[in-house]
Amino acid sequence: MPPTSTPVGKKQQSLTSFFTPKAASSPKPPAASTQSPTPSRPPRRSAASAAPSERKRSIDELADKENHDLERDAKKAKTSALADDGSGDTPLPVQTPVSARAQRYSYSTAPTSTDQTEADDGADDEATKKRYADLHKKFIKKLGHPDAMNWRSRIKQDHATEENEDGDGEAEEDDVPAPKSKKKGSKTGKLTPMEIQFLDIKRKHLDTILIVEVGYKFRFFGEDARVAAKELSIVCIPGKMRYDELLDADPSEAHLDRFASASIPVHRLPVHARRLVAAGHKVGVVRQVETAALKKVGDNRNAPFTRKLTNLYTKGTYIDENGDLEQSTQGGNTSSSGGYLLCLTESKAKGAGTDEKVGVGILAVQPATGDIIYDTFEDGFMRSEIETRLLHISPCEFVIVGDLTKATDKLIQHLAGSSTNVFGDRSRVERVPRTPTMAAEAASHVTQFYAEKMKEATSSQNEQSASLLEKVLRLPEAVTICLSAMMTHLTEYGLEHIFDLTKYFESFSTRAHMLVNGTTLESLEVYRNATDHAERGSLFWAIDKTLTRFGRRLLRKWLGRPLLHQADLEARLAAVKELHDKRSTAAVGGLERLLAKTRTDLERCLVRIYYGKCTRPELLAALQALQQVASHYASVKTPADAGFDAPLLTDAVLALPQILGLVVSHLERINLDAARKDDKYGFFRDEHQTEDMEDHQMGIAHVEHQLDQHRAAAAEQLKRKKPVDYVTVAGIEFLIEVPNSDIKHVPASWAKISGTKKVSRFHTPAVVQLVAERDQHREALAAACDAAFRALLASVAAAYQPLRDAVSALATLDCLLSLSKVAAQPGYTCPEFLPSSAPPTIAITGGRHPMAEQTLAGGYIPFSTTLAHPTPRAHLVTGPNMGGKSSFVRALALIVLLAQVGSFVPADALRMTLCDAIHTRTGARDNLFASESTFMVEVSETARILRAATPRSLVILDELGRGTSTHDGAAIAQAVLHHVVAETRCLTLFITHYQNLARVADGLDGLTNVHMKFKADTGPDGEEEITFLYEVGEGVAHRSYGLNVARLAHIPKKVIDVAAERSSAMESEMRTRRFKGACRMLSDVMGDSPDQLDNLISSIDQL
């Protein structure tokens, strides 16, 4: 800060000294007390406390000096200046040792005689002195202290001096804060009206990323901008991230005067919104709900545009774009969840440990198609029933009602928490509290929701609708709670009307279908492969030959829910067989061409029309696709005209032409060219326009006529004979060009809009008024056109039921045609189903793995096997590692699954009875989220199989017991094998490396030993070489040849050599012990224990 020396006698001199640069950083103040003669430096605190009073005194004195210096002549000014220079270094009464640097800046605070005289002279004009002092304070505050420009040099010199000296200088310098500079026009912490609007909406939706319409852009603010910039790869303009009204609410953001922001163009909103939703965010769109022209004539012309939250999206509720969210996902995993929102509630657990039981209610909604699935069940401590339903439904969003048990919560977090889970992507989870009276509240809520529809169904005597409503109102309590919670949840998104479609309520656990549990879906790779969870390599990938999106979704549902009723299964097979046999006929060829031309996802389009969210081009495409389908079968009046014999095919074809009249009646109202261009003004044909539309069109025509007539009046004012011509420049219409040479004829009332060197362009007062009137008519016309379009969507939505039935029939035809293409592949045959009275049987000849034969370059070696009551009910499968055991048992299970879906199978022949379930226990994996080890998972899944299996179930157990010690594992494996063969008596395939289990086959009726064939030879280097034949043969493989696999895995040779020596030694030791045991047994038989003969024979067989 400036040194406070004695004031000079001239204003010029004071300003010069004020801006004189100093070499040192800060002046050295005098001691706090002049009467303490100590040789040491004064304390730092004393210097700091003394500085403010001295600085204040110097400013007053300087102001006083400036007040009187104006009246002095030049001579007196020079004298005063010299006197002041002589007295500037007046020594203190007590001198202290100071450094040379400090001595340069020493000064005296005692007033001189000149100062005293100036103070006395200024007593007469106190007001002037005070005014000058205030001005000088402002001047100093604005410009800073005199040596502010030498700040960096002072810092360098400070480091060169002693530490104590630096400390004293900084103590005085810190007393004056550095002035803050502000940019011209910068904000001062006050929020704009638009930002206030944004904050009002944001407070109500803190968990939502808001996209705000501002002019011709959509903008993100604050933290939303940061998230959007990261997800969308757009620029984020730095600023406040927090949503506090006061800009200094957070010290880290106190220097910021605006929100961080990012922007996107208007036409890119659907693309970016879909990307944010696919990333798992909840997205809201805030739009301007009034237009500029109507706002001008409204009451709030001076207020900001009114904005409201018009759309809200999540993964499960995003239906504003015709298409799946998975199209926008990045990476190799293109498969996605089924688009379901799943609501789940759970009762308090009963029991503890392995005896724990919980009651669960679920309700899943697919807003894009209108499908609704519900179920209530009891689950055990493994939560296998919940896992099964989650893997079938594959929800993209969860709504959890109330608190869940720890095991269920961990299961959902595990399945929904990662982007590489079995659902294909990360799932969103929302939680809703559950009150003690929620059951009664939910029942009341659901009853009120359907009360009006129940009255309509009763008054119209529609028995089917009344029965469906009655069924919904009598759902179990847990499902009703989920239904009420889902209604409330979807109301926020405007999708609650999906529950009006009561026809599509379906129970998950209906006994018309086989329930394939989650473990089986994963182990058999039904929907996704087990390597990277991608669709390629799965069973669905192998048989999916559909041509439409809605057909693909139906086929996926068929694959996960095989049929249990033989009549339905034979009807589906008959339809597939007929399409296969007639694949070269005109009927099948025409159907395939029709499906190939149906590019529109009609199922999703119909739901979007039902919600009122459909666009004009999309409505046209959907209606034209439906017309094309209905017209193709317009001549079909009876089943004989369908061209097919199978009832499933004829029923589907007959449902298509019934919608032709309905679709054509709506298409006749639409202007084809305008609908393709999304022209709202010309969308309806002239004869189908509403009265409001015609009125506003007439108003626009009248205004344009007046504008045309105004040309003559404008020409008269400009003293021209011909009417003026309007020009349009930069989008501004009805401009009148006047040469600058004739500018003298232009009235003062005309407003100049633009100009060049030669011409000027004007708007007359009449033109301004007429253009504003025309804009008002245009915006009113746009509102009338939107209202007419919404009325058209409502009329189409009123016929949703027959249109949806037609689309479902077309999807069925697409699935059946896909299965017929699978049947046409080489080596596929039609399965033969035995009557339900026949004993459980599966007999396969020349069977192959349906996925492996499409991915293996050399093809798949077929197998033949039979499982039947009374024998052989079970196979004990042994063989070397990598010999093909797991592939064999999975191929058999997949063939059974395909047969019960209604497809041809990859085999030369298949005879079987229907299986009520397929249970598998394969692979070795732990379950960390449930704190379960590998072996715990094995035995838990096995326990579930033992409880659920029936004599008509197919059970596959792969290497049970390998997760623990050899003796315990072998004992458990033997006990489980005995139970499923002797007690449950189900069809079983049991893979093991415990050769001792082969002896169980001798004592169990219905169990046979089979093995995977191989050849063992000695290579040129003397090492044993194994050749896998991948064929199934009878008998037992007594060795697993694990060293061969180790060699193929490139384990170091010295390690393998050591392992081979130890293996040979252990085998020799075991063989010796067995030989000794056989000898003892032989002596017993020769002696007095002839009953040991059977055991002796078994021992000899093992040797």
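This note walks through a few spots worth finding in the structure above.

1. **The whole chain.** Keep in mind that this is a predicted model. The protein chain holds 38 helices and 27 strands, so expect to spend a little time finding your way around. Of its 1103 residues, 47% are buried. The chain exposes about 54600 Å², and carbon and sulfur atoms supply 53% of that area.

2. **Contacts along the sequence.** Take the contacts in the protein chain between residues at least 6 apart in sequence: 71% of these join residues at least 24 apart. Leucine 276 and lysine 315 give you a pair to look up: 39 residues separate them in sequence, and their C-alpha atoms are 9.3 Å apart in space.

3. **Helix α10 and its cover.** Go to helix α10, residues 223-232. Which of its residues are buried? They are Asp224, Ala225, Val227, Ala228, Ala229 and Leu232. Now look at what lies over them: the cover includes helices α9 (193-204) and α11, along with strands β1 (209-214), β2 (217-221) and β3 (261-265). As a reminder, an α-helix has 3.6 residues a turn, so residues three or four places apart point the same way.

4. **How α10 meets α11.** Two packed helices are described by the angle between their axes and the distance between the axes. For α10 and α11, the angle is about 95° and the axes are 10 Å apart. Angles of 65 to 115 degrees count as roughly perpendicular, and therefore α10 and α11 are roughly perpendicular to each other. On the α10 side you'll find Ala228, Glu231 and Leu232, and they meet His272, Arg275 and Leu276 of α11. Sorted by type, the residues of this contact come out as 3 nonpolar, 1 polar and 2 charged.

5. **Leucine 276 up close.** Let's stay with one residue from that contact. Leucine 276 sits in helix α11, which covers residues 269-278. Is leucine 276 buried or exposed? Its relative accessible area is 0%, so leucine 276 is buried. Leaving out residues up to four places away in sequence, leucine 276 touches Ile209, Ile211, Phe220, Ala228, Glu231, Leu232, His281 and Val283.

6. **Serine 233, just past α10.** Step off the end of α10 and you reach serine 233, with a positive phi of about 60°. Serine 233 is a residue other than glycine, and its phi is positive all the same. You'll find serine 233 in the loop between α10 and β3. Its relative accessibility is 64%, and so serine 233 counts as exposed.

7. **Glutamate 525, with a positive phi.** Here is a residue other than glycine with a positive phi, near 55°. Where is glutamate 525? Look in the loop between α18 (518-523) and α19 (539-543). With a relative accessibility of 18%, glutamate 525 counts as buried, because buried means under 20%.

8. **Helices α13 and α14.** Here's another helix pair to rotate on screen: α13 (residues 384-393) and α14 (residues 406-416). Their axes come within 11 Å and cross at roughly 25°. Angles under 35 degrees count as roughly parallel, and therefore that is the label for α13 and α14. The crossing of α13 and α14 is right-handed. Ile386, Glu387 and Leu390 come from α13, and they meet Thr408, Leu411, Ile412 and Leu415 of α14. The residues of this contact divide into 5 nonpolar, 1 polar and 1 charged.

9. **Cis peptide bonds in the β19-β20 loop.** Next, find the loop between β19 (863-868) and β20 (874-878), where proline 870 has its place. The peptide bond leading from histidine 869 to proline 870 is cis, with omega near 0°. Proline 872 lies in the loop between β19 and β20 too. Threonine 871 is joined to proline 872 by a cis peptide bond, with omega about -5°.

10. **Threonine 992.** Finish in the loop between β25 (987-991) and α35 (1000-1003), where you'll find threonine 992. Its relative accessibility is 1%, so threonine 992 counts as buried. What is threonine 992 in contact with, leaving aside its neighbours within four places in sequence? Those contacts are Leu876, Val877, Thr878 and Leu997.

Definitions and conventions. Residues numbered from 1 in each chain as written. Predicted model: local features only at pLDDT ≥ 70, side-chain atom pairs only at ≥ 80, totals over all residues. Heavy atoms only, no water. Axes fitted to C-alpha atoms, helices over the stretch in contact; angles between N-to-C directions. Helix = DSSP H or I, 4+ residues; strand = E, 2+ residues; numbered from the N terminus. Parallel < 35°, antiparallel > 145°, perpendicular 65-115°, else oblique. Left-handed = near helix turned anticlockwise from the far one by under 90°. Contact = heavy atoms within 4.5 Å. Nonpolar A, V, L, I, M, F, W, Y, C, P; charged D, E, K, R; others polar. Buried < 20%, exposed > 50% of the residue type's maximum accessible area, 1.4 Å probe, protein only. Areas by Shrake-Rupley, 256 points an atom, 1.4 Å probe, with all protein chains shown as cover.
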